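Welcome! Here are a few short exercises to work through with the structure open beside you. Try each task before you read its solution.

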Amino acid sequence: MPTAVIADIVSSRELVNRRAAQRDLETALARVAADGPPSERALLPVVGDEMQGVYPHLSSALAATMLLQLALPEGVELRFGIGLGEIEEIPSVGGALSEGEAWWAARAAIEEVENLARRVAPSARTWVAATGAASAEISEMVRVANSGLLSRDRAISQLSPRTRRLVYGRWLGRTQSDLAATEGVGQSAVSQALASAEAGALIEGLRVLIGDRG
């Protein structure tokens, strides 16, 4: 089922250097587009601090948003609204407009996760929604996904910027010694950081969603 993703920058007005943050964010977007699951329409900036993209399945959208959380530059956070439903293209003088229930659901989802972060779950960054006309099967899938996302986002929020880079690198298949050389630390420090983060569980979660890389 087509899966729309809307993302925006958390507290974008508080960034010290918005231009540099945007540049580094776009580098992360390009990296995940190259390393992660294929999209139907790449997640890219559209206006202000908002990004939009389309993935062929919920699993690929979940994997891509997780990888992006790991790849983001230090000091930059995104929230994600993921919408399930139909997408249609509407002709326009400015080019085809992407419209449909998946986008409406994604918009509702990003508003919901922002409310959750404000009220009861400060680490919440990702939410899934479907339209009111969704089948019972889709509605159940959405509930299961959101339950897991609350735990996933909490786990990632506890990682240091370095540990996020290490987890991403291990998912790519890089060795601990290679990562240690890149970070300028000893291999034992890499091993300890990955063990403390339970990186194996995060990487296995990615595999469950999209299989082994390559």
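**Exercise 1. A pair in helix H8**

Task: Decide whether Glu204 counts as buried, partly exposed or exposed, then work out how Glu204 and Arg207 are placed in helix H8.

Solution: Keep in mind that this is a predicted model.
- Step 1. Glu204 has a relative accessibility of 42%, so it counts as partly exposed.
- Step 2. Arg207 has a relative accessible area of 39% and is partly exposed.
- Step 3. Helix H8 covers residues 199-210, and the two residues sit three apart in it, about one turn of the helix.
- Step 4. Their side chains meet in a salt bridge, with N and O 3.7 Å apart. A salt bridge here needs these atoms within 4 Å, so the pair qualifies.

**Exercise 2. A pair in helix H4**

Task: Find what joins the side chains of Glu140 and Arg143, and say which class of exposure Arg143 belongs to.

Solution:
- Step 1. A salt bridge joins the two side chains, at 2.7 Å from N to O.
- Step 2. Both residues belong to helix H4 (residues 136-157); being three residues apart, they are separated by about one helical turn.
- Step 3. Arg143 reaches 51% relative accessibility and therefore counts as exposed. Glu140, at 39%, is partly exposed.

**Exercise 3. A link across the sequence**

Task: Which parts of the structure does the pair Arg107 and Glu50 tie together?

Solution:
- Step 1. Arg107 forms a salt bridge with Glu50, and their closest N and O atoms are 2.9 Å apart.
- Step 2. Arg107 lies in helix H3 (residues 101-119) and Glu50 in strand E3, so the salt bridge ties together parts that are 57 residues apart in sequence.
- Step 3. Glu50 is buried, at 13% relative accessible area, while Arg107 is partly exposed, at 32%.
- Step 4. To set this in context, the structure holds 12 salt bridges. Arg162, Arg165 and Glu183 are linked in a network of them.

**Exercise 4. Helix H1**

Task: Check whether the span of helix H1 agrees with its number of residues or disagrees, and find what covers its buried residues.

Solution:
- Step 1. H1 has 18 residues (18-35), which at 1.5 Å a residue should span 26 Å.
- Step 2. The end C-alpha atoms are 25 Å apart, which agrees.
- Step 3. At the start of H1, the backbone nitrogen of Arg19 has a side-chain oxygen of Asn17 within 3.3 Å.
- Step 4. The buried residues of H1 include Ala20, Leu25, Leu29 and Val32. Among the elements that cover the buried residues are strand E1 (3-9), helix H2 (58-71) and helix H5 (161-172).

Definitions and conventions
Residues are numbered from 1 along each chain as its sequence is written. This is a predicted model: local features need pLDDT of at least 70, side-chain atom pairs count only at pLDDT 80 or more; totals for chains, interfaces and linings use all residues. Side-chain values use heavy atoms; hydrogens and water are left out. Helices (H or I, at least four residues) and strands (E, at least two) are DSSP runs, numbered from the N terminus. The expected span of a helix is 1.5 Å times one less than its number of residues. Buried means under 20% relative accessible area, exposed over 50%, partly exposed in between (1.4 Å probe, protein chains only). Contact means heavy atoms within 4.5 Å. A polar contact is a pair of N or O atoms within 3.5 Å; within protein, one must be able to donate a hydrogen and the other to accept it, and residues adjacent in sequence count only if both atoms are side-chain atoms.
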